[in-house]
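User: I'd like to go through this model and check what sits behind the labels. Can you take my questions one at a time?

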Amino acid sequence: MSLLSLKLNDVDTSYPLLVNGDHVVVVSEATLVPSAKDDRLLNLKVVYATVADSQDQKGHDVKAGYKLTTYYPIPSEYRDEQKNENMLKNLTILALAVAGLENTTEGKSQLPEFDENFIAAMPGKQVLAKVKTSKPAEDDQYGPKSEIASVRALVG
C-alpha cells in the first residue's frame with residue numbers, strides 16, 4: 001500500500017488574479033538584489049502582501065497575505081540616462097507612498113534620503129496599490145498574473 005497517491009492531472013496551476021483596482025497592501029520585504037540581466041546593476045525587490053481577504057476575478061476567496069512582488073531598477077552609470085530618470089521617478093513615487101506622503105512638492109520636500117536605512121525601514125508600511133492583470137509573455141507557461149502597476153500613500 002502506498003502512503004502517497006495524488007492525482008495532479010486536473011490541478012489549476014495558474015496564479016489567482018486579484019480584481020483589478022486599488023488594494024491596501026503591506027510591504028513584507030524590501031531588499032536590494034542583483035539584476036538577472038546584468039550583475040553590475042541592482043534592483044529593489046519589494047514583496048507586498050494584501051492586508052484584507054478578497055476575491056479573485058473568478059469569485060474565489062484570496063486570503064489576506066497574498067504576495068505580489070515588484071522589482072524597481074536602481075539608477076546606475078551603466079544604464080541609459082533617460083532610463084535612469086524614469087527609475088528615479090518610480091523610486092520617488094514608491095518612497096512617497098511608503099513614507100505616507102502625497103505626491104506634491106510639499107510631500108517631496110519631506111522625503112528622507114533613499115538609502116539602505118530607508119529600505120530597511122520599509123517592511124510593515126502599508127500603501128494603496130493599483131493592481132492590474134499582466135499579459136503573459138509568449139514563453140510564459142503560467143499565464144496572466146496580478147501585478148502592482150503603481151502605489152500611493154494611504155492618506156485621509
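User: What makes K130 partly exposed?

Analyst: First, a word on the source: this is a predicted model, where local features need pLDDT of at least 70, side-chain atom pairs count only at pLDDT 80 or more, and totals for chains, interfaces and linings use all residues. Residues are numbered from 1 along each chain as its sequence is written, and side-chain values use heavy atoms, with hydrogens and water left out. Now K130: its relative accessible area is 37%. Buried means under 20%, exposed over 50%, and partly exposed is in between (1.4 Å probe, protein chains only), so K130 gets the middle label. D22 is partly exposed too, at 39% relative accessibility.

User: How do you know that K130 and D22 form a salt bridge?

Analyst: The N to O distance between their side chains is 3.4 Å. A salt bridge is a side-chain nitrogen of Lys or Arg within 4 Å of a carboxyl oxygen of Asp or Glu, so this pair passes. K130 is in strand β6 and D22 in strand β1, 108 residues apart. Salt bridges with shared partners also bring R152 into one network with D22 and K130.

User: Why are β1 and β6 called paired strands?

Analyst: Strands are DSSP runs of E, at least two residues, and helices are runs of H or I, at least four residues, numbered from the N terminus. Two strands pair if DSSP finds at least two bridges between them. β1 (residues 21-34) and β6 (residues 126-133) have six bridges, in the antiparallel sense, so they qualify. D22 has K130 as its bridge partner in β6.

User: What does β1 do with β2?

Analyst: β1 and β2 (residues 42-50) pair in the antiparallel sense over nine bridges. V27 has Y48 as its bridge partner in β2, and P34 stands opposite L42.

User: What makes β5 and β7 edge strands?

Analyst: Each of them pairs on one side only. The open sheet of five strands runs in the order β5-β2-β1-β6-β7, with antiparallel pairing.

User: How many salt bridges are there, and what makes K58 and D12 one of them?

Analyst: The whole structure has five. For K58 and D12, the closest N and O atoms are 3.8 Å apart, so the pair meets the cut-off. K58 is in the loop between β3 (54-55) and β4 (61-62) and D12 in the segment before β1, so the pair ties together parts 46 residues apart in sequence. K58 counts as exposed because its relative accessibility is 61%, and D12 does so at 52%. Another salt bridge joins D38 and R40, whose closest N and O atoms are 2.8 Å apart.

User: What makes the space of about 260 Å³ a pocket?

Analyst: On a 1 Å grid over the protein atoms alone, a pocket is an open set of points with protein on both sides within 12 Å along at least five of seven lines, whereas a cavity is a set where a 1.4 Å probe fits but cannot get out; lining residues have an atom within 4 Å of a point. The largest pocket holds about 260 Å³. Of its 13 lining residues, T70, Y72, N90, I148 and A149 are closest to the centre. α1 gives the most to the lining, with five residues.

Terms used. Points joined across faces, edges and corners; volume = space filled by probe spheres on them.
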